[in-house]
Amino acid sequence: MELEVKSKKKLYQRKSIPTVTGLLSFIIAIIALSGLNIALIMDYDEFPDFFLIKLPLAGLILGAIGLFTQNRSRLFSIWGIFLCLFIFIFTFMMFGLAWSINPKP
Amino acid sequence: MKENNHEDKEIYQSYINHSIQDFENSQTINVKNQRFIIKKGKYMALITTIMISLAILLLIIPVMTLSSYLYYAIGGKANHLIDIATKTVYVTEPNISLEEMELEEHIKFFSMDIQFDIFKRIGKEDYKAGEYFINYAFDKPAFPEREILLDRPLPKISSMESYRMFHPDAVKPPGLEVEWDLLKKLPDGTVGEVYISLTKLMKAGELEKQLGKNVEVRWVAVDTGLEKKQTDKDGYPVAPIGYPLQIDHTTWSPFNGRDQTNEDVFMDILEFLRKDEENAAKIASAKTLALEERVPYLKKNGIHVYGAVVTGPIPELRKLQENEAIRTMKVGEVKLWNWK
């Protein structure tokens, strides 16, 4: 009988630290979502393409890179990708739905 | 026996000591570092929780907006509600038309606002008569807010009395004679709009012939069996319903005369509104439209008119006093000469 405690240092490190790109992707997605919220609350007529296209696209690419980074937590990458995809789907669906309501030229 | 026990104890103690030694050797992180790691872990967990909560909070408004658009777009609900509103205006407001192209809708959280301008033809020109704002909570409209720009505004609550169009068999209220005097005092170089009631029911074409070509019949009030007593079967007051007699060349108007006559369009609209009578009655500002009684009556008896809105030059409108087909008259709007 022998008690042996395995070192969990490496395992601990891998799970705790998020990928930098994933974290960036998540932060970008949060900024884009904030912009979208402001545009919806303030009822802007102009299409905020910076918040609805450019930022989510950058977030999506960074999130995808973060997803393939080894030995790091992918939580923020997954959230970043999910939020950026949501913004794209939201934009696409809103265009379609707004066009179908009262579709007079 | 005692010696054996003692030996076992020693062996056991050595095992324990050996294991403790092993454990200490395997732990390369000292206590200070362990505390740091735990602190860092707690901090990371807190940051993660805050950021994910923030993301969820920021998703609320977009998700609600998207859901509202889905609610109004799926199955054409918003378009259906807009159709009810515009068609109700055509058949319940005498001599009122609207530009459906200019209708604006605004979708909020599970509510929708629609806004449109209404027009009146006085003489040969259309004048803006006002604006309608209708707010819908889900699919239920509130009473419309109307900003009327007319000298003689439309009644807030529609009834026979407010439009002064009376069925031949209905009691005529006193004091309507002054309206002819009013017409006489208006200058000749003006055009006007008058609401007339007839002495007998007749077909719309017959009425046009009776009145001649110097005036234009804009809208006819149709006999639906309830106009004589002016109430429905439950005793609620009813308002006139009718339809525009002239072809409306506005692109999206249902009375554009392309496929159907205005009479057929009118019947189709009544059938359409019958399915959503509650909504239509709210928009018409009427207590009831009583379409369950009126539509079968019209199908059985056909369309006969008892009143009309007529426009033309004031001198021509004065001549209507001599017309035997006219029982009462009420002056509507008057504008500068535009009769070309």
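A residue is called buried if 20 or more other C-beta atoms lie within 10 Å of its own, exposed if 12 or fewer do, and partly exposed in between, with C-beta atoms placed from the backbone. The structure is a predicted model, in which local features need pLDDT of at least 70 and side-chain atom pairs count only at pLDDT 80 or more, while totals for chains, interfaces and linings use all residues. Residues are numbered from 1 along each chain as its sequence is written, and chains are lettered from A and ligands numbered from 1 in the order in which they are written.

The model has an ipTM of 0.85 and a pTM of 0.85. For chain B, the mean pLDDT (the predictor's confidence in each residue, from 0 to 100) is 89, and 97% of the residues score at least 70. Helices (H or I, at least four residues) and strands (E, at least two) are DSSP runs, numbered from the N terminus. Among the elements of chain B, the highest mean pLDDT, 95, belongs to strand β8 (residues 216-222), and the lowest, 64, to helix α4 (residues 160-163).

Chain A contains four helices and zero strands, in the order α-α-α-α from the N terminus. Of its 105 residues, 32% are buried. Two residues are in contact if their C-beta atoms, placed from the backbone, lie within 7 Å. Of the contacts in chain A between residues at least 6 apart in sequence, 74% join residues at least 24 apart. A:Pro18 sits in the loop between α1 (9-16) and α2 (20-42) of chain A. A:Pro18 counts as buried because 22 C-beta neighbours lie inside 10 Å. Leaving aside residues up to four places away in sequence, A:Pro18 touches A:Leu23, A:Arg72, A:Ser73, A:Leu75 and A:Phe76. A:Arg72 is 54 residues from A:Pro18 in sequence, yet the C-alpha atoms of the two are 5.4 Å apart.

Between the chains, 28 residues of chain A are in contact with 32 residues of chain B. On the chain B side, α1 (2-26), α2 (31-73) and α3 (77-92) are the elements that each give two or more residues. The most come from α2(B), which supplies 18 residues. By residue class, the chain B side is made up of 22 nonpolar, seven polar and three charged residues; here Ala, Val, Leu, Ile, Met, Phe, Trp, Tyr, Cys and Pro count as nonpolar, Asp, Glu, Lys and Arg as charged, and the others, Gly among them, as polar.

Helix α7 of chain B comprises 13 residues (262-274), for which a span of 18 Å is expected at 1.5 Å a residue; the end C-alpha atoms are 18 Å apart, which agrees. The expected span is 1.5 Å times one less than the number of residues. The buried residues of α7(B) are B:Asn262, B:Val265, B:Phe266, B:Ile269, B:Leu270 and B:Leu273. Viewed down the axis of α7(B), these buried residues fall within an arc of 140 degrees and so line one face of the helix. The arc is that of the directions from the helix axis to the C-beta atoms. An α-helix has 3.6 residues a turn, so residues three or four places apart point the same way. The buried residues of α7(B) are covered by elements including α3, β9 (242-244), α8 (277-283) and α9 (291-301) of chain B.

Strands are treated as paired if DSSP finds at least two bridges between them. Strand β7 (residues 190-202) of chain B runs antiparallel to strand β11 (residues 326-336) of chain B, to which eight bridges join it. Within this pairing, B:Leu198 stands opposite B:Ile326 of β11(B). β7(B) also pairs in the antiparallel sense with strand β10 (residues 305-313) of chain B, over eight bridges, and B:Met202 has B:Val305 of β10(B) as its bridge partner.

In chain B, β2 (104-108) and β3 (111-122) flank the loop that holds B:Phe110. β2(B) and β3(B) run antiparallel and are joined by five bridges, with B:Glu104 partnered by B:Gln115 of β3(B). Their hairpin has two residues between the strands, and B:Phe110 takes a positive phi near 50 degrees there. B:Phe110 is partly exposed because 15 C-beta neighbours lie inside 10 Å. A positive phi, of about 55 degrees, is also found at B:Asn95, which is not a glycine. B:Asn95 lies in the loop between α3 and β1 (97-98) of chain B. B:Asn95 is buried, since 23 other C-beta atoms lie within 10 Å.
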